[in-house]
Each structure stands twice: as C-alpha cells, then as structure tokens.
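Biologist: I would like a close look at a single part of this model. Please keep to what can be computed from the atoms.

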Amino acid sequence: FTYTVGNSDFTGDNTATATINLSTTETELIRSEDFTNVGNNWTLWCQGRQPSVNSTNGFCLINPEKAEQSYLPQYHLANGLTLETGTYKITMYIRGSGGGQIDKVGLGSWNTGQTYSNSPMTFTTEWQEKTVEVTLPTATGNGEGFVMCQSGSYVGELYIKWLRVEKITNN
C-alpha cells in the first residue's frame with residue numbers, strides 16, 4: 001500500500017511516495033517502518049520551517065528559535081487515514097539534538113477537528129521509542145484523517161525514524 005504526501009503551500013513538485021506496511025492485526029492502523037525510505041523531496045505543512053528526510057535520521061525538522069505560538073511548526077506525519085472514534089496509541093522512534101518535547105501529538109481531520117494527547121511527547125538526544133495516547137471523540141471521513149504534531153517550544157533538530165498508530169479501545 002502506498003500513499004502520496006503533498007503540500008500546496010510550496011511551489012513546484014512537493015510530493016513523495018512512502019510505503020506503509022499495514023499489519024494483519026485489526027488494531028494497528030498505520031506503521032511507517034522507516035522515514036529514511038521516502039526520499040529527500042518529502043515536504044509537509046510546517047508553518048515556515050522546511051522539514052527534510054535523510055538516510056541516517058529519517059524525518060528531520062530544524063526549529064532555529066522558539067516560536068511565538070506552539071502550533072507554528074505544525075506538521076503531518078501521516079495523511080489519508082480513516083479514523084473511527086476511540087483511543088489510539090501513537091508511537092514514534094524519536095530523538096533531538098537536545099532534550100525536549102513535541103508539545104502536541106494528535107489525530108483528526110480538517111472537517112472534524114483535531115484531538116491531542118493530554119501530555120507532550122518528550123525525548124532526549126538518544127533514540128527512544130515514545131508513546132502517547134489520544135482519544136478521538138469524532139470519526140473522520142474516509143481517508144481524511146491525519147497524525148499532526150506541533151513543537152513550537154522546542155529549539156533544535158528533531159528526528160523521527162518511524163511512526164506507528166494503533167487503535168486500542170472503542171468509545
């Protein structure tokens with residue numbers, strides 16, 4: 001299964017293809033084994049900060065200064081999801097150039113709104129598997145859902161090797 005990530009905020013060809021390996025279990029919604037496989041043209045909506053992908057660290061977002069609002073570097077790590085109501089576990093393999101946090105990790109769509117975890121996703125300079133839970137009160141339309149992150153309070157480089165989203169309960 002492949003999906004295309006696009007971005008209308010930038011000019012030129014701003015799409016790339018990433019391969020997502022879906023599990024045969026019913027709870028695992030999406031698993032991106034390795035962001036390093038999607039190429040260097042991957043762009044996401046980042047409010048003036050250009051993310052990149054490289055073969056060593058995967059997804060990379062450089063935030064040179066603290067944003068006035070935590071949502072200013074806002075980026076989707078996955079798009080095109082169909083999300084039902086319920087509680088989801090969002091897991092990332094993550095590190096930073098310094099310790100810090102992704103202020104908000106959430107699920108949602110532009111039509112139904114976004115719901116974020118109750119706590120930020122913290123990280124250190126070492127690669128770690130980190131998890132937050134998000135309870136989504138409203139289902140998204142077919143293929144309209146996304147995983148959204150906001151990290152305006154972090155200054156430095158943020159790296160994410162892979163992402164996994166699992167549904168763990170129904171509402």
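Is Phe146 buried or exposed, and what is its relative accessible area? Please describe the strand that holds this residue and what surrounds that strand.

Modeller: This is a predicted model, and what follows should be read as such. Phe146 is buried, with a relative accessible area of 2%. The cut-off for buried is under 20%, so a value of 2% falls inside it.

Phe146 lies in strand β13. The strand is mostly covered, with 6 of its 6 residues buried. Burial applies to both faces: Gly145, Val147 and Cys149 are buried on one side, and Phe146, Met148 and Gln150 are buried on the other.

Next, the sheet. β13 belongs to an open sheet of 4 strands, ordered β6-β13-β9-β10, with antiparallel pairing. The edges are taken by β6 (74-81) and β10 (113-116); each has a single partner strand, so one side of each is left without a neighbour in the sheet. From one strand to the next the twist averages 25 degrees.

β13 has β6 on one side and β9 on the other in the strand order. The pairing of β6 with β13 is antiparallel and runs over 6 bridges. Within it, Ala78 has Val147 of β13 as its bridge partner. On the other flank, β9 (residues 104-109) pairs with β13 (residues 145-150), again in the antiparallel sense, over 5 bridges. Here Lys104 is bridged to Gln150 of β13, and Gly106 stands opposite Met148. Lys104 also lies over the face of Tyr116, at 5.1 Å from the ring centre.

Now the aromatic rings. The search of the whole structure gives 4 aromatic pairs. In one of them, Trp110 and Phe146 form a tilted pair, 5.1 Å from centre to centre and with 50 degrees between the planes. This pair joins distant parts of the chain: Trp110 is in the loop between β9 and β10, Phe146 is in β13, and the two are 36 residues apart. The partners differ in exposure, since Trp110 is exposed at a relative accessible area of 54%, whereas Phe146 is buried at 2%.

A second pair brings in the loop between β13 and β14, where Tyr154 is found. The ring centres of Phe123 and Tyr154 are 4.9 Å apart and their planes are at 80 degrees, so this pair is edge-to-face. Phe123 is in strand β11, 31 residues from Tyr154. Phe123 counts as buried at 4% relative accessibility, and Tyr154 counts as buried at 6%.

Elsewhere, ring pairs link Tyr93, Trp127 and Trp162 into a cluster. Lys161 lies over the face of Trp127, at 5.4 Å from the ring centre.

Finally, the nonpolar core. The largest one has 26 residues, and those with the most contacts inside it are Ile90, Met92 and Ile102. β13 is among the elements that give two or more residues to this core, as are β6 and β9. Others on that list include β7 (86-96), β11 (121-123) and β14 (156-169). Contacts of Ile102 reach the strand in question: among the residues touched by Ile102 are Cys149 and Gln150, along with Tyr75, Met92, Phe123 and Leu158. Cys149 and Gln150 lie on opposite sides of β13, and both are buried.

Note on methods: Residues are numbered from 1 along each chain as its sequence is written. This is a predicted model: local features need pLDDT of at least 70, side-chain atom pairs count only at pLDDT 80 or more; totals for chains, interfaces and linings use all residues. Side-chain values use heavy atoms; hydrogens and water are left out. Two strands pair if DSSP finds at least two bridges between them. Axes are lines fitted to C-alpha atoms, for helices over the stretch in contact, and angles run from 0 to 180 degrees between N-to-C directions. Buried means under 20% relative accessible area, exposed over 50%, partly exposed in between (1.4 Å probe, protein chains only). A nonpolar core is a set of buried Ala, Val, Leu, Ile, Met, Phe, Trp, Tyr and Cys residues joined through side-chain atoms within 4.5 Å. Contact means heavy atoms within 4.5 Å. Rings of Phe, Tyr and Trp (its six-membered ring) pair if their centres lie within 6.5 Å; planes under 30 degrees apart count as stacked, over 60 as edge-to-face and the rest as tilted. A charge sits over a ring if NZ of Lys or CZ of Arg is within 6 Å of the ring centre and within 35 degrees of the ring normal. Lists of a residue's contacts leave out its neighbours within four places in sequence.
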